[in-house]
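This report describes one protein chain, beginning with a single helix and then turning to the strands and the chain as a whole. The sequence and structure are shown first.

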Amino acid sequence: MTEQRSDANALKAFNAGIVDQFRASGSKAGGQHQGANLLLLTTTGAKSGQPRLVPLANLFIDNKMLIVGAYAGADIDPAWVNNLRANPQAHVELGTESFDVIARELPPAERDETFPKIIAAAPGVADYQAKTSRAIPLFELQRI
């Protein structure tokens, strides 16, 4: 349990640094995220009901803004996935824009059709999928 808390705290600190850099630079990513298309997603915690902020890579495929629940190939979904499943209304900061969205998880057939396009745009996602037996979820974020 202590190791999980330590990992969670390290991830929170890492994400906080990305958020600070994103906001200070007008959404430009640096370091290992140099050149990535990032957005800041604020969800409502599935259990806590509290706002939860996470930086995520995003892709525009077939005129859809998509986010990928890869979690570096972990065998569990990232917390933001559970949050969106419980409450699909969220808030996005993208570039200099800030807007509300409704998240829609792609159903299995649409996910399977879209996943090769995700791999083509972000080849590292294939490595993450190879690490886990779960189907990495894809979400479309639709402005409201």
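## Helix 3

In this predicted model, helix 3 comprises the 14 residues 108-121. From its first C-alpha to its last, helix 3 reaches 20 Å, close to the 20 Å expected at 1.5 Å a residue. The helix nevertheless has a kink of about 35 degrees at T114, and the proline P116 follows shortly after.

The kink residue T114 is also buried, as are E110, R111, F115 and I118 of helix 3. The cover over these buried residues includes three strands that precede the helix in numbering, namely strand 3 (59-61), strand 4 (64-68) and strand 6 (97-105). Helix 4 (124-131) and strand 7 (138-143) also contribute to this cover.

## Pairing around strand 6

Strand 6, part of the cover of helix 3, pairs with strand 5 (residues 89-94) in antiparallel fashion through 6 bridges. Within this pair, E93 stands opposite S98 of strand 6. The two strands form a hairpin with 2 residues between them, and G95 in the turn has a positive phi of about 60 degrees.

Strand 6 also pairs with strand 7, again antiparallel, over 5 bridges. Here A103 has L141 in strand 7 as its bridge partner.

## The chain as a whole

The chain contains 4 helices and 7 strands, arranged along the sequence as α-β-β-β-β-α-β-β-α-α-β. Of its 144 residues, 38% are buried. Among contacts with a separation of 6 or more, 60% join residues 24 or more positions apart. The exposed area is about 8,300 Å², of which carbon and sulfur atoms supply 52%.

Methods
Residues are numbered from 1 along each chain as its sequence is written. This is a predicted model: local features need pLDDT of at least 70, side-chain atom pairs count only at pLDDT 80 or more; totals for chains, interfaces and linings use all residues. Side-chain values use heavy atoms; hydrogens and water are left out. Buried means under 20% relative accessible area, exposed over 50%, partly exposed in between (1.4 Å probe, protein chains only). Contact means heavy atoms within 4.5 Å. Accessible areas come from the Shrake-Rupley method with a 1.4 Å probe; for residues, only the protein chains shown count as cover. The expected span of a helix is 1.5 Å times one less than its number of residues. The bend at a residue is the angle between axes fitted to the seven residues ending there and the seven starting there. Two strands pair if DSSP finds at least two bridges between them.
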